[in-house]
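Got the viewer open? Let's walk through this one stop by stop, with something to select each time.

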2 protein chains.
Amino acid sequence: MKPDRHLPNGTRALASVGRVRVRERTSDRVYAELASAIRDLRLPPGASLSETDLAEQLHVSRTPLREAIARLVEGGLVSVVPQVGTRVELIRLSDVEQARFVRESFESAAFEVACENPVRDVTVLRTLLAEQERCWGIHDPDGFFAADEALHEQIFTMSGYRGAWQVMQPMKMHLDRIRRLSLPEPETLRLLIDEHTAIVDALQAGNVTAGRAHISRHARRVLQTAPALRAQHPGFFAD
Amino acid sequence: MKPDRHLPNGTRALASVGRVRVRERTSDRVYAELASAIRDLRLPPGASLSETDLAEQLHVSRTPLREAIARLVEGGLVSVVPQVGTRVELIRLSDVEQARFVRESFESAAFEVACENPVRDVTVLRTLLAEQERCWGIHDPDGFFAADEALHEQIFTMSGYRGAWQVMQPMKMHLDRIRRLSLPEPETLRLLIDEHTAIVDALQAGNVTAGRAHISRHARRVLQTAPALRAQHPGFFAD
DNA sequence: ACGCGGATACTTGCATACAAGAGCGCCAGT
DNA sequence: ACTGGCGCTCTTGTATGCAAGTATCCGCGT
């Protein structure tokens, strides 16, 4: 059923970055696909993965697939028991709380650094806020969360510590799964926009104390919605 | 030259944890060895690694070795260019600064949480301080840094956010390499002990502000020593 | 003498074959 | 009928072979 190919595993995707041609590594592509699928629950918590089946579905061999899975294990999103099986980890509230701590610590510190910058250009942030307003108006949760991500990343960029944002990504996926469950409620979105606005206002005013308080509330909101979501999707949660 | 073995790759190490026998995965063992070697500079910055050579030296095949290397790449300690080579990343001050930010953010936040705990048992921390005093007296830098690590980890344990400590490990190795370079100076060790003592005192007193200030100074000290170390070992640094 | 081109060795990426263990079902014996 | 044991199947872990690309070095031509 594989597409016809002349070479052992056919042509590999080529992408042009600047002048150099880089071959997209199968391992990376598979990781991105799996991570995306886990994040938006197409691979729901508790789903069991079979390396051979997955390899067949994705038209790759087990080697790059295993490397991708190893990265997911590192991030705590997948657990693999030798000779038994591989499965997507259930949502554990303790993990979510740890991720909340990580995120709040980083954002709080990044906000403080960004505030100390004498020139604080918040136009990008304002644009993203407007985008969120627009998505809220047309009921586009996916677009909303994309702008949400971009807004928080922009704060890290302004602080100069974008590396922290990157290392946080695997841990943050524990929060993203919860957020995904609480997607379709417009009330929540309205609240998030207001909180974002308050954070941006505080940043523009250089008010560290107020901003940190808003960030803390913002980060803890996810945890507040957790119990209700757990009652709604009991199979997705552990403990 | 391989040790005689009857099975394809011989006996695998068995460890007894509680009642269950767990087979130590070759991939994990290799990762631990490589990470340790990079941390204490037995694999110095810039060293080029050959998968085939390394596999032969460690008596493993390339598959588990590659998985271990993939984890190191994830942590930013190794870079691999397809069809060209694999090498230990040079020490980049920008990476060190990012790691400093990560560590300071975490420790600061964890300290704050630990301070809010009404019962703060600092006996473990005091014991570790005494151990550092002892190691300083007998000029045992390795023992000193082991106690150093244990002390900082204990603060995270007391905060309840040990998960943050764990996710920080790969990033922290960028700092550890710098610390390793500044090992043999007793003056530095004396200074570190004093700072540790100040932090523990602040924790016992529940003084959040003072503790955060000490932690910040403590974390930034590594960066202060960096320029001198760079002049001493120019080949280890990038840029 | 100097520059250029091709063969070669060495690198990583991927695919596949094999090994070993865990779980489960079926069958036989009691 | 029930229980114990054997074996089959499916799982992941590991080893190895092949493909493709890059850099280097040596020889040849100018």
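Start by selecting the buried residues of α3 in chain A: they pack against α1 (26-39), α2, β4 (78-81) and β5 (85-88) of chain A, together with α3 (62-74) of chain B. Keep in mind as you go that this is a predicted model.

Which residues of α3(A) should you highlight as buried? Pick Pro64(A), Leu65(A), Glu67(A), Ala68(A), Ile69(A), Ala70(A) and Leu72(A).

Now show the whole of helix α3(A), residues 62-74. From first C-alpha to last, its 13 residues reach 18 Å, close to the 18 Å expected at 1.5 Å a residue. Step past the end of the helix and click on Gly76(A), which follows α3(A) and has a positive phi, near 80°.

Next stop: Glu51(A), in helix α2 (residues 51-58) of chain A. Is Glu51(A) buried or exposed? With a relative accessible area of 15%, Glu51(A) falls under the 20% cut-off and therefore counts as buried. Show what surrounds this side of α2(A), skipping anything within four places of Glu51(A) in sequence, and you'll find Glu51(A) in contact with Arg62(A), Leu65(A), Arg66(A) and Ile69(A). Leu65(A) and Ile69(A) should look familiar, as both are among the buried residues of α3(A).

Time to bring in the partner. Color by chain and superpose: chain B can be laid on chain A with an RMSD of 0.1 Å by a turn of 180° and a shift of 0.1 Å along the axis. That is why you can call the relation a two-fold axis. Both copies use the same surface, with 100% of the contact residues of chain B recurring in chain A.

Now select the interface itself. You should get 28 residues of chain B in contact with 28 residues of chain A. The two chains bury about 2300 Å² between them, and 57% of that is on carbon and sulfur atoms.

What about charged pairs? Between chain B and chain A there are four salt bridges. To see one of them, zoom in on the side chains of Arg66(B) and Glu67(A), which meet at 3.2 Å, N to O. Glu67(A) was also on the list of buried residues in α3(A). Across the interface you can look for twelve residue pairs in polar contact, both residues at pLDDT 80 or more.

Finally, color the chain B side by element. Those giving two or more residues to the side that touches chain A are α3, α4 (93-116) and α7 (162-181) of chain B. End the tour on α4(B), which gives the most, with eleven residues.

Terms used
Residues numbered from 1 in each chain as written. Chains lettered and ligands numbered in written order. Predicted model: local features only at pLDDT ≥ 70, side-chain atom pairs only at ≥ 80, totals over all residues. Heavy atoms only, no water. Least-squares fit on C-alpha atoms with pLDDT ≥ 70 in both. Contact = heavy atoms within 4.5 Å. Helix = DSSP H or I, 4+ residues; strand = E, 2+ residues; numbered from the N terminus. Buried < 20%, exposed > 50% of the residue type's maximum accessible area, 1.4 Å probe, protein only. Expected span 1.5 Å × (residues − 1). Buried area = accessible area lost by both parts, 1.4 Å probe. Polar contact = N/O pair within 3.5 Å; in protein donor to acceptor, adjacent residues only side chain to side chain.
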